[in-house]
Amino acid sequence: MSAKKFILAAGIVCILSSAAFADEVLFANGKAENAKFSRKIVPSPDNPKNKVLDFTVAAKGGGISATLTNHDWSKFKTLELKFFSKEKTDAKLMIILDSQPKDLDRKKSWSYLSKQINIKGQGWITVNVDLAKMGKARKAVGLKQIDKFSISSKGWNIKPVKTTMLYIGEIKLISK
């Protein structure tokens, strides 16, 4: 193999390798990417020029969910979420990743990965969730098959905090 061909092949391998480990944005800069969310996009309370996901329903026990275009999350290490809280809060939320086996009816047995998170403070709060440390319920397939992404403010021994006014500015999957 000539040196030019070798260098070209090595360059292609490097490009493909780095693309395989790229971060994936689900929501940022007021736009949903690789996902369709159940809540509306609104102006950010701290800067109306910026757009965020409205998650103020957390105060009443509501949730937010997203259908996904990429169902294989196995190459990612961390789920990063950036919340904005208008008031000081100490809210607990549950991250739920539906991971249903294809041959099992969800109505009979819901299988998922989950992790409780705490939103504590005021202003912009970043929460990083280690995907490898998520709990597994029933027959969850795992990170190779994520059917839906959700955040809930009730259930799993979590009670909504009535003064919680949350917005979500960014949701990303981090590969490293």
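1. Strand β7, which spans residues 78-98, is mostly covered, since 15 of its 21 residues count as buried. The model under discussion is a predicted one, and the remarks below should be read with that in mind.

2. The pairing of β7 with strand β8 (residues 112-130) is antiparallel and extends over 18 bridges. Within this pairing, Leu93 has Ile117 of β8 as its bridge partner, a pair of residues that can be used to check the register on screen.

3. Strand β11, made up of residues 166-174, also runs antiparallel to β7, and 8 bridges join the two. Here Glu80 finds its bridge partner in Lys172 of β11.

4. A further antiparallel pairing links β7 to strand β10 (residues 148-152), in this case over 5 bridges. Ile96 is the residue that stands opposite Ser150 of β10.

5. Which elements surround this strand in the overall order of the protein? The protein contains 1 helix and 11 strands, and, read from the N terminus, the order is α-β-β-β-β-β-β-β-β-β-β-β, with the helix placed ahead of the strands.

6. For the protein as a whole, 44% of the 176 residues are buried. Of the contacts between residues at least 6 apart in sequence, 76% join residues that are at least 24 apart. The exposed area comes to about 10,200 Å², of which carbon and sulfur atoms supply 55%.

Technical notes. Residues are numbered from 1 along each chain as its sequence is written. This is a predicted model: local features need pLDDT of at least 70, side-chain atom pairs count only at pLDDT 80 or more; totals for chains, interfaces and linings use all residues. Side-chain values use heavy atoms; hydrogens and water are left out. Helices (H or I, at least four residues) and strands (E, at least two) are DSSP runs, numbered from the N terminus. Buried means under 20% relative accessible area, exposed over 50%, partly exposed in between (1.4 Å probe, protein chains only). Contact means heavy atoms within 4.5 Å. Accessible areas come from the Shrake-Rupley method with a 1.4 Å probe; for residues, only the protein chains shown count as cover. Two strands pair if DSSP finds at least two bridges between them.
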